[in-house]
Each structure stands twice: as C-alpha cells, then as structure tokens.
Amino acid sequence: MSSTDHSTRQPVPSTDDVRIDAAAAPKAAEATTNRRVDTTFDKFHDRYSVRTLGLKTSPVRALFSVANRPEVVSLAGGMPNIADLPLDVVGESLKELIDTRGAVVMQYGSGQGEPEIREHICEVMAAEGLIADPDNVTVTCGSQQGLDLVTRIFCNPGDVIMAESPSYVGALNTFTSYQAEVIHVDMDDEGLVPESLREKVTAARRDGKSVKFLYTIPNHSNPSGISQSTQRRREILAVTDELDLLVVEDNPYGLLNLDGDPLPTLKSMDPENVIYLGSFSKTFAPGFRVGWMLAPSFVRSKLVLAQESATLCPPVFSQFAISSYLTHWDWRGQVRSFIDMYRVRRDTMLASLAEHMPEGTTWTRPSGGFFVWLTMPGAVDSAAMLPRAVTKLVAYTPGTAFYSDGRGQRNIRLSFCYPTPERIKVGVERLAGVMRDELDIAETFQLGDGRRHVRDLGPGPDLA
C-alpha cells in the first residue's frame with residue numbers, strides 16, 4: 001500500500017468526542033437494559049399494528065384439534081348437529097343451480113347481498129314475529145362478520161361496549177381487536193339486569209368515556225343459556241331509550257326454543273334503536289357462512305360500504321344455495337326436527353348433571369340454544385383443570401374465555417348440541433370425576449376458613 005493510501009486508517013477521536021461518548025455511555029447502557037426482548041421467531045413482530053395485539057386465539061377454536069379425537073367426549077364447541085339435514089335435497093339443489101344458473105351464482109354480486117336471499121331472510125325473521133323490509137337487510141359472511149362490521153363503523157380505540165356477564169367469546173375478541181373496552185353488565189336468571197346497565201353506563205360516561213352500544217344475546221345466550229323474559233326485555237329497552245344507547249342484538253338461536261314459541265326480538269320491540277344480527281349457521285348449516293344484519297337505513301348504508309371494503313360482496317354461491325334450500329324444502333319442519341333433537345340432548349345433559357355433579361355445583365337450565373353454564377364449588381380453576389380433564393377424555397370450555405376482565409375461573413360452558421345422548425352421559429360422568437379430584441386437591445391444600453396451608457405458600461421464612 002502506498003504512503004498516500006489512507007483508506008484503512010481509522011480517525012482519531014477528539015477530546016470533545018471522547019467526552020460526549022463518555023456521557024452517552026450510561027444512557028446507552030440503560031437503553032440496552034430496558035430494551036424489550038421477545039422470544040419470537042416472527043421477523044415481522046415489531047411491524048404489526050397496535051390493533052394486532054388485541055387478536056387472541058379463541059379457546060374454543062384451540063380445543064378443536066383435541067376435541068375431535070374420537071376417544072375424547074367434547075362438551076366444548078357449539079358445533080350444530082347437521083346429521084339430520086336432507087343432504088340429497090341439498091345436493092340436488094346445488095346441481096340444479098350449476099346447471100341452470102351457473103354463470104350467475106358463481107359471479108360477483110351485490111355488496112348488500114342478493115335480493116333473492118334478502119327476501120327469504122325476511123320470511124325467516126317473520127317466523128319470530130319480526131317484520132322487515134329486504135332493503136334494510138345486509139348479508140354477511142356469518143353473523144361473526146356482522147359483529148366486525150358494526151364494531152368497525154361505530155368504535156374508535158378506547159370506546160366502551162357494554163356486554164352481558166358472561167358474553168360470547170367471538171364478540172369479545174372482535175371488540176378487543178378494535179381496541180374497544182368491554183364493560184360487563186350483571187345478569188340474573190331473567191337475563192341482563194337493567195339497573196346494572198344504567199349504573200355502569202352512567203359511571204362510564206361520568207369518567208369521560210364514550211359508550212357506543214350494548215351487545216346482547218337475549219335468546220338462549222352463549223355461553224350462559226339464559227333467555228331474557230319478555231318483561232325484562234321491555235325494562236332493558238326502557239333503560240337504553242333513557243340513556244340514548246344503541247343496542248346490538250345477536251340472535252342465532254332464536255328459532256331454537258325447545259320449550260315453546262320464540263320470544264319477541266328486541267328489534268321487533270324497538271325497530272329504530274336496535275341493530276339485529278341473524279344467521280343460518282344454527283338452523284341450516286354453518287359451512288355456507290351466511291348471516292345478516294337488519295339495521296336502520298342510515299346505518300345500513302355504512303354497513304354496505306364496510307362490507308364492500310372487506311369482501312367486495314358476501315359469497316354469492318352460498319346465498320343462492322340457501323335460497324334454493326328455503327324454496328324447495330320445508331325449512332320450518334326442519335327447524336322443528338332440530339328442536340326435537342336438541343331437546344333430547346339438553347334433557348340428557350341436565351339429568352346427567354343432577355345425577356353426577358359434586359355437591360355445591362350449580363348450573364343453568366336453558367329453554368333453548370346449545371349451552372349450559374356451570375359453576376363449580378370451592379377454589380377450583382376451570383382453565384387450570386382443563387388439561388387434566390382432557391387426560392380423562394372429556395373437554396369443555398373454561399369460563400374465563402367469556403369475560404374480558406379475567407373472571408370466570410369457577411365456570412364452565414358445556415355444549416349439548418353435537419354429542420349423542422349416550423356420549424353426553426359419559427362426558428358428564430367423566431367431568432364430574434375430574435371435578436371431585438380437583439376439589440379433593442383444593443381441600444388438601446386449604447385451611448377450613450379458605451386460607452391456603454403453609455406448605456402451599458412456597459419457600460419463605462419459618463411461619464410456625
């Protein structure tokens with residue numbers, strides 16, 4: 001290298017440079033010490049939006065891989081039993097659609113949904129006494145998308161949504177993903193407690209929070225199975241009117257009243273202040289992913305714009321397939337068949353719980369829908385107990401999934417819709433055995449007044 005080549009020479013720092021570096025060193029060390037370190041292999045981890053942190057794995061979905069093992073009795077998921085569907089009729093209808101209207105049913109469609117299915121949806125709602133105009137119906141990819149759309153058009157980060165206690169896990173995950181705060185309203189045997197709703201909305205507004213709507217499942221609620229009485233519905237709507245609070249009514253189980261006629265919808269009782277969500281997943285088949293929203297015209301126009309930005313249009317083929325089924329088959333008779341089938345399963349579960357559950361266990365007695373809400377005695381944690389239950393070949397959904405604030409440790413959601421009555425009996429007996437084992441362990445490590453034994457407190461000073 002020649003004497004004039006300085007390409008590899010390092011600059012000599014000046015005195016000022018050294019002084020600056022010395023002053024910055026502690027701050028640099030502190031920054032290094034406080035730097036967040038995540039154990040993740042996702043190279044995009046630091047690029048996700050803050051909103052993404054609200055996306056959580058559903059405990060219900062996470063159970064599917066385990067619950068689908070044939071040796072495990074799953075009392076966990078709310079999967080409809082569609083074994084009694086006339087699959088030959090459905091198959092013939094689908095073939096006819098392709099043969100006669102293939103170029104239409106496999107094309108893009110309207111963002112609001114096809115006029116044909118919207119007219120049929122109004123016929124279905126009329127079976128519950130809800131009279132509607134097809135122009136106010138927006139078709140969605142299941143009612144779950146309806147929850148997403150209504151949250152998107154109404155909620156800013158930090159806004160408040162009132163929800164039952166407990167409430168549907170899919171709704172809670174959606175609300176959280178839009179950075180909304182969920183405040184749970186108390187429930188009793190008749191459903192949501194009006195005075196609790198008034199108190200909690202008033203308190204939230206007093207704290208400067210924007211309360212956007214009440215989310216409720218008035219018929220055979222998921223997960224509690226509780227239905228609001230007609231009088232209770234009037235009282236709730238009186239409070240929401242007083243507070244000028246929008247209501248979002250989720251009603252997938254309304255037609256599945258196992259003990260009588262369907263109860264009046266909130267939408268039919270207050271057409272201008274209620275947004276209604278419906279679905280074919282429970283009364284036909286969930287795989288087609290067709291639901292709908294019934295909303296006032298101004299809201300409906302916003303929902304259609306949000307729908308178009310999400311999907312361009314809901315699945316066209318699915319809409320025509322369901323329309324064809326509703327046209328060519330006695331769907332009302334099919335719903336009655338489902339009701340008879342689910343009633344046997346519900347009654348089997350309630351009888352099995354009464355026969356096998358440990359003393360002090362309580363549970364709801366649903367008049368319809370798919371679910372029983374169980375409360376365990378003692379200091380037993382349903383989430384911690386689940387792995388041990390699975391080893392005993394029974395699965396359920398822990399109650400903590402249905403709260404946004406960490407409650408529900410002593411609760412379990414049990415589903416009676418999918419297993420056969422014989423499997424329900426076996427599953428409940430297995431679950432009761434697991435609960436007895438857990439209660440024995442809890443009693444062993446607790447004193448009579450509920451305090452934990454010293455030996456369960458872990459390492460520490462001599463407390464004798």
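These exercises walk through the fold of one predicted model, each with a worked solution.

The model is predicted, so local features need pLDDT of at least 70, side-chain atom pairs count only at pLDDT 80 or more, and totals for chains, interfaces and linings use all residues. Residues are numbered from 1 along each chain as its sequence is written, and side-chain values use heavy atoms, with hydrogens and water left out.

**Exercise 1. Take stock of the chain: how many helices and strands does the chain have?**

Step 1. Count 14 helices and 15 strands. Helices (H or I, at least four residues) and strands (E, at least two) are DSSP runs, numbered from the N terminus.

Step 2. Turn to burial. Of the 464 residues, 48% count as buried. Buried means under 20% relative accessible area, exposed over 50%, and partly exposed in between (1.4 Å probe, protein chains only).

Step 3. Look at contacts, meaning heavy atoms within 4.5 Å. Among contacts between residues at least 6 apart in sequence, 74% join residues at least 24 apart.

**Exercise 2. Place Thr-52: buried, exposed or partly exposed?**

Step 1. Find Thr-52 in the loop between helix H1 (15-34) and helix H2 (59-67).

Step 2. Read its relative accessible area, which is 28%. Therefore Thr-52 is partly exposed.

Step 3. Now find Thr-176, 124 residues apart from Thr-52 along the chain. Their C-alpha atoms are separated by 9.5 Å.

**Exercise 3. Describe the seven-strand sheet: which strands are its edges?**

Step 1. Write the order: S2-S10-S9-S8-S7-S3-S4. These 7 strands form an open sheet with mixed pairing. Two strands pair if DSSP finds at least two bridges between them.

Step 2. Pick the edges. S2 and strand S4 (181-185) each pair on one side only. From one strand to the next, the twist averages 20 degrees.

Step 3. Compare two pairings. S2 (residues 137-140) and S10 (residues 291-294) are antiparallel over 4 bridges. There, Val-139 has Trp-292 as its bridge partner. Strand S3 (residues 160-164) and strand S7 (residues 211-216) run parallel, joined by 4 bridges. Met-162 is partnered by Leu-214 in S7.

Step 4. Check the side chains of S2. In a regular strand the side chains alternate between the two faces of the sheet. Val-137 and Val-139 point one way, Thr-138 and Thr-140 the other, and all are buried.

**Exercise 4. Analyse two helix packings: how do H3 and H4 cross H11?**

Step 1. Recall the method. Two packed helices are described by the angle between their axes and the distance between the axes. Axes are lines fitted to C-alpha atoms, for helices over the stretch in contact, and angles run from 0 to 180 degrees between N-to-C directions.

Step 2. Take helix H3 (residues 87-105) and helix H11 (residues 316-328). Their axes come within 10 Å and cross at roughly 130 degrees. So H3 is oblique to H11. Angles under 35 degrees count as roughly parallel, over 145 as roughly antiparallel, 65 to 115 as roughly perpendicular and the rest as oblique.

Step 3. Give the hand: the H3 crossing is right-handed. A crossing is left-handed if the near helix is turned anticlockwise from the far one by less than a right angle, and right-handed if clockwise.

Step 4. Take helix H4 (residues 115-126). Its axis and that of H11 come within 9 Å and cross at roughly 50 degrees. H4 is therefore oblique to H11. This crossing is left-handed.
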